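Biologist: Before we discuss any assignment, I should like to see the model itself. Please show it, and then let us examine the reasoning behind each label.

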Amino acid sequence: MPSDKHRVSCFSYILLILCLFQVALLPATSSGASANEVLVVVNAKMPGAKDIAKYYMKKRNIPENRLLITSLTLSETIERDQYEKKLMLPVRKKIAKLKGVANIHTVVLIYGVPLKALPPDPGRDTKNLIRELKKERKELREDEEKAEIAKQRIKEINDRIKSLAGADKRAAVDSELMLAKVTDYELSGWIENPYFAAFDGRLNTLKKDDVLLVARLDGPDEKTVYRMIDDTLAAEKSGLHGIAYFDARWPAPEEKRLSGYALWDASLHRAAAIVAKRMEVKLDAEPALFAVGAAPNAALYCGWYSPGNYIDSFDWVRGAVGYHIASAECATLKKQDSQVWCLQMLKRGVAATIGPVYEPYVQGFPLPGLFFTALTEGSMNLGESYLISLPFISWQMVLVGDPLYRPFAPLKQAVEVPSD
């Protein structure tokens, strides 16, 4: 787990409802990123990536000088020093160079930019210590006479190895890159997102201007990425129509002081109630997920848990947004045989999805109530809806999709937040 200073305080259910009310009262226009404020990043080594970038920029009228081409690994995982030298610093320099011409708020990573940034190299001495700890652990496990009394020591060794190896310093490239403009911050666990609605008005080490919105147009192949772009534009013209599916695990709670799994499940219920003002909603509050083939005409989806095991429940409409809450569901976007939800939803037709590259803990996921309120109310685009609902950055979450995507026209009046 992250250190105590990074543990999320208990959000109350009442606070969540107040946040939803705040989002619902947003004006019909937003001050968020325009095409002029977008930087598009391409991995020079990825075949086809530059063509995708040019296609996207033309469709969105993004100026040509907003393109950054840098040479990165073709692996989905990048070493920390390479991330800093080949991606983070070039992005920072490009933003500085454009200052006065454009104030870059949004970065779009194109097909082929790595997903995961490793922790910094721990150094030779630390590696030697890890090696000795692993040797001790192996000996303890093999000693049957001491196996029972050694359990606590083995746990201590596991925790120590994890700490020395910097497990809490690995992150999604996208989430880390949100801090590209910040020259110095502590790399240890998560950092509170100043845009997160529940942190509004709270003293934070970061200012909103420090944070970039980072998303990616990515997927299992070039064809999928082009399809995502085209579906997004088509849905903006015609509107996103269909059914919204929400898959909670328990009935709506009566208790008002919630945290962890209970709060995120309650947020699914709130999302369903709010989205019902915009389109037909089907809410399931049983532990089992929607069965195979049980969700036709799916325009929106959020549910949990089934980690690494996509269930083919949905017939996705053009422009659909699907978001599944489970660990490491965006660990890969390229391994065709993987059953992680982000990859499989993209292969089957969604235009946008959200997921973590490693274990984020439930507190690290965007709150569904906030995300879907902002998105369906129509005053915010996909990227902005994600940004205000994301509790932590320099962490594990990824938004896959065009951040400028606005699938709903603004409502003529604010969304009414259902009473309890």
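Biologist: At what angle do the axes of helix α2 and helix α7 cross?

Modeller: This is a predicted model. In it, the axes of α2 (residues 49-60) and α7 (residues 222-238) come within 10 Å and cross at roughly 5 degrees.

Biologist: What makes α2 roughly parallel to α7?

Modeller: Angles under 35 degrees count as roughly parallel. The crossing angle is roughly 5 degrees, and that makes α2 roughly parallel to α7.

Biologist: Which residues meet where α2 contacts α7, and how do they divide by class?

Modeller: From α2, the participants are Asp51, Ile52, Tyr55, Tyr56, Lys59 and Arg60. They meet Glu222, Val225, Tyr226, Ile229, Asp230, Thr232, Leu233 and Glu236 of α7. By class, this contact has 7 nonpolar, 1 polar and 6 charged residues.

Biologist: Let us turn to charged pairs. How many salt bridges does the whole structure have, and what makes Glu176 with Arg80 one of them?

Modeller: The search finds 14 salt bridges. The criterion is a side-chain nitrogen of Lys or Arg within 4 Å of a carboxyl oxygen of Asp or Glu. For Glu176 and Arg80, the closest N and O atoms are 3.1 Å apart, and the pair therefore satisfies the cut-off of 4 Å.

Biologist: Which parts does this pair tie together, and are Glu176 and Arg80 buried or exposed?

Modeller: Glu176 belongs to helix α6 (residues 173-177) and Arg80 to helix α3 (residues 80-98), so the salt bridge ties together parts that are 96 residues apart in sequence. Both Glu176 and Arg80 are buried.

Biologist: How do you know that Glu136 and Arg153 form a salt bridge, and which helices hold them?

Modeller: Their closest N and O atoms are 2.9 Å apart, and the limit is 4 Å. Glu136 lies in helix α4 (residues 124-142) and Arg153 in helix α5 (residues 151-165), so this pair ties together parts that are 17 residues apart in sequence.

Biologist: Why are Glu136 and Arg153 called partly exposed?

Modeller: Buried means under 20% relative accessible area, exposed means over 50%, and partly exposed is in between. Glu136 has 27% relative accessibility and therefore counts as partly exposed. Arg153, with a relative accessible area of 33%, is partly exposed.

Biologist: What separates Asp231 from Arg227 along helix α7, and what is the distance between their closest N and O atoms?

Modeller: Asp231 and Arg227 are 4 residues apart in α7, which means about one helical turn. The closest N and O atoms of this salt bridge are 3.3 Å apart. Asp231, at 6% relative accessibility, counts as buried, whereas Arg227, at 22%, counts as partly exposed. Elsewhere, salt bridges that share partners join Asp174, Arg216, Asp218 and Lys334 into one network.

Biologist: Which residue in strand β12 touches Asp231, and what makes that residue buried?

Modeller: Gly319, in β12 (residues 314-324), touches Asp231, Ala235, Leu240, Ala351 and Tyr405, not counting residues up to four places away in sequence. Gly319 has a relative accessible area of 0% and is therefore buried. Gly319 and Val350 are 31 residues apart in sequence and 6.3 Å apart in space, C-alpha to C-alpha.

Biologist: Why is strand β1 described as largely enclosed?

Modeller: In β1 (residues 38-43), 6 of the 6 residues are buried, so the strand is largely enclosed by the rest of the structure. Both faces are covered: Val38, Val40 and Val42 are buried on one side, and Leu39, Val41 and Asn43 on the other.

Biologist: How do you know that β1 pairs with strand β4 and strand β2?

Modeller: Pairing requires at least two bridges. There are 4 bridges between β1 and β4 (residues 106-110), which run parallel, and 4 between β1 and β2 (residues 67-70), which run parallel. Each pairing therefore meets the requirement of at least two bridges. Val41 stands opposite Leu109 in β4, and Val40 stands opposite Leu67 in β2.

Biologist: What makes β3 and β6 edge strands?

Modeller: In the open, mixed sheet with the order β3-β5-β6, β3 (77-78) and β6 (171-172) each pair on one side only. Strand β5 (residues 116-117) and β6 pair in the antiparallel sense over 2 bridges, with Ala171 as the bridge partner of Ala117.

Terms used. Residues numbered from 1 in each chain as written. Predicted model: local features only at pLDDT ≥ 70, side-chain atom pairs only at ≥ 80, totals over all residues. Heavy atoms only, no water. Axes fitted to C-alpha atoms, helices over the stretch in contact; angles between N-to-C directions. Parallel < 35°, antiparallel > 145°, perpendicular 65-115°, else oblique. Contact = heavy atoms within 4.5 Å. Nonpolar A, V, L, I, M, F, W, Y, C, P; charged D, E, K, R; others polar. Buried < 20%, exposed > 50% of the residue type's maximum accessible area, 1.4 Å probe, protein only.
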